[in-house]
Amino acid sequence: GHLSATTGNIFESPDVCLGRLSANGGPPQTHALLGGSPAIDAGSNSAATSSNLVRDQRGEDRFRDGGSGELLVDMGAYETVATPTTFEVTTVEDEDDGGLGVGQGDSLREGLKVANENVGADTIVFSLPPQSTISLRGTLPGVTDDLTINGPAGAELVVQSEGDFAGLSNAATLHLSGMFLRGVGISNYGNLTVTDSVMAGHPEAVPGFRSGGAIVNYDTLTL
């Protein structure tokens, strides 16, 4: 999105990453800022001070670090603070039961969704048997907030497409390591670093049908 110099509004943004109107503390309900929101750390400290808006609508301090490394105010009624968290994948099932702690375990798909919503540079690790395979039924949630995905050493964890193709897009800073991606393509619109990993086409590749296993880079890529 873009920031208007005259109104201070964010416009032409397809997703400002707001949570649902909820009781997030304080008497009024508010929309929490989710990871990747362009409103985080995008306000003006001087304007907040001169207007005596030093607390958000919930009564929380305005001058907090939302992930930029500086104490900057957010835009809007909700002030967020970065809380980097490590999420653990405990099942090879490609499930999405609406959150962590339900179903057969916590999947890679669920971990990505929760990491996107959590503000801060998160980490996803795997607690799976050796040489496990995760078969994806479709494209994974795109990465919108800074994230590290650490697979086991030697790229023994296989993440592959179950159907025609599975993909992952990145619009933040993503560090990917220790994974064998088979038939899984990555579209990078941010800062992507890939280490100790292997990328290959689908084992049953047919031209125009099953392929993938590559990176399409539009920004910064380190291999």
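1. Strand 11 (residues 173-177) and strand 14 (residues 191-195) run parallel and are joined by five bridges. In this predicted model, the register of the pair can be read from two positions: Thr173 stands opposite Asn191 in strand 14, and Ser177 stands opposite Thr195 of that strand.

2. Strand 11 also pairs with strand 8, again in the parallel sense, this time over four bridges. Leu147 can serve as the marker for this pairing, since its bridge partner in strand 11 is Leu174.

3. Both pairings belong to an open sheet of six strands, which has the order 5-6-8-11-14-17 and parallel pairing. Strand 5 (86-89) and strand 17 (220-222) are the edge strands, each of them pairing on one side only. From one strand to the next, the twist averages 15°. When reading side-chain directions along any such element, one may recall that in a regular strand the side chains alternate between the two faces of the sheet.

4. Which helix lies across strand 5, strand 6 and strand 8? Helix 2, made up of residues 108-117, lies across these three elements, and its direction makes an angle of about 170° with strand 6 (122-126).

5. Turning to charged groups, the count of salt bridges comes to seven. One of these pairs Asp56 with Arg58, whose closest N and O atoms are 2.7 Å apart. Are these two residues buried or exposed? Both Asp56 and Arg58 are buried.

6. Another salt bridge is formed by the side chains of Glu93 and Arg137, with an N to O distance of 4.0 Å. Because Glu93 lies in the loop between strand 5 and helix 2, while Arg137 lies in the loop between strand 7 (133-136) and strand 8, the pair ties together parts that are 44 residues apart in sequence. Glu93 is partly exposed, at a relative accessible area of 29%, whereas Arg137 is exposed, with a value of 54%.

7. Arg137 also meets the side chain of Glu162 in a salt bridge, for which the N to O distance is 4.0 Å. Here the acidic partner is in the loop between strand 9 (157-161) and strand 10 (166-170), and Arg137 is in the loop between strand 7 and strand 8, so this pair links parts that are 25 residues apart in sequence. Glu162 counts as partly exposed, at 47% relative accessibility. Through shared partners, the salt bridges join Glu93, Arg137 and Glu162 into one network. A reader checking these two pairs should keep the cut-off in mind, because a salt bridge is counted when the side-chain nitrogen is within 4 Å of the carboxyl oxygen, and the distance is given as 4.0 Å for Glu93 with Arg137 and as 4.0 Å for Glu162 with Arg137.

8. A contrasting case is Asp41, which is found in the loop between strand 4 (30-33) and helix 1 (45-50). Side chains of opposite charge can pair when their charged atoms come close. Asp41, however, is buried yet has no salt bridge, and the nearest side chain of opposite charge, that of Arg62, is 9.0 Å away.

9. What does the side chain of Asp41 reach? It reaches the backbone nitrogen of Gly66, at 3.2 Å. Leaving aside residues up to four places away in sequence, Asp41 touches Arg64, Asp65, Gly66, Gly67, Ser68, Glu70, Leu72, Val73 and Asp74. Gly66 is thus named both among the residues that Asp41 touches and as the owner of the backbone nitrogen that its side chain reaches.

Technical notes: Residues are numbered from 1 along each chain as its sequence is written. This is a predicted model: local features need pLDDT of at least 70, side-chain atom pairs count only at pLDDT 80 or more; totals for chains, interfaces and linings use all residues. Side-chain values use heavy atoms; hydrogens and water are left out. Buried means under 20% relative accessible area, exposed over 50%, partly exposed in between (1.4 Å probe, protein chains only). Lys and Arg count as positive and Asp and Glu as negative; His and the chain ends are not counted. A polar contact is a pair of N or O atoms within 3.5 Å; within protein, one must be able to donate a hydrogen and the other to accept it, and residues adjacent in sequence count only if both atoms are side-chain atoms. Contact means heavy atoms within 4.5 Å. Two strands pair if DSSP finds at least two bridges between them. Axes are lines fitted to C-alpha atoms, for helices over the stretch in contact, and angles run from 0 to 180 degrees between N-to-C directions.
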